[in-house]
Structures are given as C-alpha cells and as structure tokens.
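This report introduces a protein to a reader who has not met it before. Please look over the sequence and the structure shown below before reading on.

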Amino acid sequence: MPSERKYLVTGGTGFLGSALVKAMVDRGDDVRVLDNNFRGSASKLGEAYLDKIEMVEADIRDAGAVDEATKGVDMVCHLAFINGTKHFYEIPEVVLDVGIRGTQNTLEAAIKHGVKEYVFASSSEVYQTPPSVPTDEQVPTCIPDTLNPRYSYGGAKLIGEILAFNYGRKHFDRTLVFRPHNAYGPDMGFEHVIPQLALRMRRAAAEAGGGKIPFQIQGDGSETRAFNNVHDFIAGLLLVIDKGEDRNLYHIGTNEEVSIRDLVLKIADQLGVEIEIQSTPRPAGGTPRRCPDISKLQGLGYEPKISLDDGLREIVSWYADWADRHPEKALELSAI
Ligand SMILES: NC(=O)c1ccc[n+]([C@@H]2O[C@H](COP(=O)([O-])OP(=O)(O)OC[C@H]3O[C@@H](n4cnc5c(N)ncnc54)[C@H](O)[C@@H]3O)[C@@H](O)[C@H]2O)c1
C-alpha cells in the first residue's frame with residue numbers, strides 16, 4: 001500500500017488514534033499527530049513511536065494551530081473529539097464545541113493547503129436506536145431528543161459528517177466517513193462499558209471477600225452490542241483510508257453480537273468471580289440493540305479475526321493489572 005505519504009492524525013494520542021498512528025508508522029507512513037491530550041496521552045504512543053512522528057500538542061479548536069499542522073500533508077484523518085459517555089452528560093457544550101469547531105477547522109485548513117483527502121471519524125451513535133439490526137449505512141440517522149445532553153455527541157458527529165461531505169464536494173478527491181461500532185481494547189479509557197464492568201466487579205468481589213456477589217447492571221441485560229477488537233478495527237480503518245471510495249461512509253465493527261448479560265458473565269468468568277446479576281432501569285437514551293452490517297467494508301477485503309472471548313481475555317487482564325498498580329484510582333473509577 002502507499003508509503004511515504006504524509007498524514008495528519010488528529011486525536012492521535014487517543015485510544016484508536018494511537019493504534020492508527022502505530023500501524024501507519026509500522027508500514028512506513030509519515031505521520032503528524034495533533035492532540036491536546038484531553039483524554040489521550042503521549043504514553044499511548046510510547047518513546048519508540050514518538051521518535052518517528054511529529055507531535056503537535058494543541059487544541060483542535062485553535063484554528064491557527066490546526067492550520068499550521070495541516071501544511072504539507074496528503075490526507076487529514078480527523079479523530080479528535082470528546083469521547084466517553086460520561087462526558088456527553090456532564091459537558092455536552094464542550095462535546096459540541098470540540099466536535100463542530102474542530103471539524104470545521106480541519107476542513108478549512110485542508111482546503112487552504114490543497115489537501116485532497118479527508119477522513120472523518122463518525123460513530124454508531126448517529127443511529128441512536130436503529131430501526132433495523134444489523135444496521136447498514138443506509139439506515140436513516142436520528143437525534144430523538146435535542147433536550148437530552150446524551151445526544152450532544154451523536155449530534156456533533158452528524159454535523160461533522162454533513163460538514164465533511166459538503167466541504168469536500170468541491171475541494172477533495174476523496175472524502176471518507178467511517179462509523180466505528182464499539183471498538184475496545186487495553187488502555188481504551190475508563191468511561192466505557194467493558195472497563196467499567198471489569199473495575200466495578202473486581203471492587204465488588206474484593207468488598208464481598210468471597211462467595212456469590214450481587215452485581216447491578218443498567219437495563220435487564222437483554223441489550224446487545226457487537227464489540228470490535230482494536231486490532232480488527234485498525235485493519236478496517238486502513239482499508240477505508242487506502243481503498244475507500246470518494247463520498248462514501250463505512251461501518252467498522254463486527255457482527256458478533258452479544259447481550260450485556262452474557263458480556264457481564266464472560267467478564268466474571270475471566271475475573272474468576274461468581275455473580276448474581278441484578279437489573280436496574282435502562283437510562284434514557286440507551287439503545288436496546290446495536291450491531292452493524294459490515295458488508296460494505298467486507299467488500300474492500302475486511303474480515304474481523306479476533307473473537308470476543310480472546311479480546312476480553314486481553315482487556316480484562318490489562319485493567320486488572322492496572323487496578324493492582326493503581327488501587328486508589330481504581331477504587332474511585334469503579335464508582336463511575
Ligand atoms: N472507541 C470507539 O468505539 C468509538 C466509537 C465511535 C466513534 N469513535 C470515534 O473515534 C475517534 C477516536 O475515538 P477513541 O476511542 O480513540 O477516543 P479517545 O477519547 O481515546 O480519542 C479522542 C482523542 O481526541 C483528543 N481530543 C479531545 N478533545 C480535543 C481537543 N479539544 N483538541 C485536540 N484533541 C482533542 C483526546 O485527547 C483523545 O486523544 C473519536 O472521534 C471517537 O468519537 C470511537
């Protein structure tokens with residue numbers, strides 16, 4: 001595949017961004033990263049990769065910094081966004097500001113500097129409660145309630161897609177949008193379902209001191225998700241970057257669907273904890289079923305390879321090790 005191309009990856013010290021940057025460097029691409037480390041960290045890249053990239057520490061809302069960082073690149077991959085469900089509820093205005101202003105800044109800079117290829121990271125959250133599952137890229141997007149702060153994120157993603165396709169129409173050779181569906185892996189952050197479940201369960205088990213422990217979950221556990229291992233995700237994203245067709249959007253995910261009840265039991269199994277699941281009401285804005293149709297990406301050669309069981313083994317042990325090394329922080333985070 002193409003090498004010696006120069007990429008700007010915004011959000012490149014985040015969970016997915018850092019994995020993308022590493023994969024790009026490994027195959028010989030030239031990479032510049034822009035991130036303000038709001039949620040990312042240079043440590044996700046590590047010294048070996050930091051030595052091989054250009055790192056720009058700046059806020060995506062700073063138009064001057066984005067302009068400067070965009071000079072001389074062949075493609076902008078725009079991933080910088082405020083992710084993490086907790087933030088959607090607590091700082092929706094910042095989610096919107098970073099999402100919309102950041103996307104506009106990257107588009108304007110790309111146009112100004114004659115960059116011809118632009119990739120925008122959207123989300124499965126643009127469907128909210130999809131009317132059909134598995135959900136393909138043609139299913140209508142939806143913001144059910146503008147009063148619910150939860151939709152600050154999905155709303156900003158939708159506006160971002162519209163901005164990208166319409167700014168790109170005249171100015172870019174390829175405008176590509178990808179919608180990740182529940183990517184997961186070690187060091188993904190804490191405001192996500194698998195890390196939260198694992199940390200909370202470890203804490204409950206430690207407090208109970210043995211035996212079967214009651215374990216509360218949001219909803220009745222029948223909700224489903226399809227968790228996409230980060231290694232598979234990156235393989236899919238590189239296909240979009242290399243082979244995606246102009247003005248197209250692509251799901252990146254897996255069709256291995258699992259109920260939250262089964263997910264919780266699998267995590268308990270990996271932690272060696274016996275639990276009794278207790279249901280609580282599903283929060284407003286929660287989605288009962290989510291699983292992407294990935295045929296379009298499969299058409300580019302994508303095939304997810306890592307099973308949920310294998311992927312869970314890796315992530316659960318990563319968070320368990322992390323909690324052993326940071327007991328106080330783990331205690332605090334397990335209360336999220
Ligand atoms: N992880 C998933 O399953 C998933 C699902 C759907 C969409 N996405 C999207 O994919 C992209 C990457 O997600 P991720 O899981 O790596 O999340 P992440 O939070 O780890 O990465 C986002 C990055 O953006 C950076 N950022 C936030 N605000 C910024 C600002 N003002 N200026 C500069 N940088 C800023 C953060 O520091 C972080 O490094 C995001 O756009 C996210 O919305 C991810």
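Which residue in β4 is the bridge partner of Y7? In this predicted model, the partner of Y7 in β4 is M75. The pairing to which this bridge belongs joins β1 and strand β4, residues 75–78, which run in the parallel sense.

**Strand β1 and its neighbours**

On its other pairing, β1 is joined to strand β2, residues 30–35, again in the parallel sense. Here Y7 stands opposite V31 of β2. Y7 therefore has a listed partner in β2, namely V31, as well as one in β4, namely M75. The two pairings of β1 are set out in the table.

| Partner strand | Residues of partner | Sense | Bridges with β1 | Partner of Y7 |
|---|---|---|---|---|
| β2 | 30–35 | parallel | five | V31 |
| β4 | 75–78 | parallel | four | M75 |

Strand β1 and strand β2 also belong to a right-handed β-α-β unit, in which helix α1, residues 15–26, is the helical part.

Is β1 enclosed or open to the surroundings? Strand β1 spans residues 6–10, and five of its five residues are buried, so the strand is largely enclosed by the rest of the structure. Burial applies to both of its faces: K6, L8 and T10 are buried on one side, and Y7 and V9 are buried on the other.

**The two domains**

The protein is divided into domain 1, covering 6–180, and domain 2, made up of 187–225, 257–281 and 306–329. Taken over C-alpha atoms, the centres of the two domains are 29 Å apart. Contact between them involves nine residues of domain 1 and seven residues of domain 2.

The size of an interface is often expressed as the accessible area that is lost when the parts come together. Between domain 1 and domain 2 the buried area is about 600 Å², and carbon and sulfur atoms give 49% of it. Of the area that domain 1 buries against domain 2, 60% is supplied by F15, R39 and K44, more than by any other three residues.

Two salt bridges are counted between the domains. In addition to its share of the buried area, R39 forms a salt bridge with E191 through their side chains, at 2.9 Å from N to O.

**Residue S124**

S124 lies in the loop between β5 (117–121) and α6 (151–171). Is S124 buried or exposed? S124 has a relative accessible area of 4%, so this residue is buried. Leaving aside residues up to four places away in sequence, S124 touches R179, P180, H181 and R290.

Key
Residues numbered from 1 in each chain as written. Predicted model: local features only at pLDDT ≥ 70, side-chain atom pairs only at ≥ 80, totals over all residues. Heavy atoms only, no water. Buried < 20%, exposed > 50% of the residue type's maximum accessible area, 1.4 Å probe, protein only. Pairing = 2+ DSSP bridges. Right-handed = clockwise from strand over helix to strand, strands pointing away. Domains from an automatic or database assignment. Contact = heavy atoms within 4.5 Å. Buried area = accessible area lost by both parts, 1.4 Å probe. Salt bridge = Lys/Arg side-chain N within 4 Å of Asp/Glu carboxyl O.
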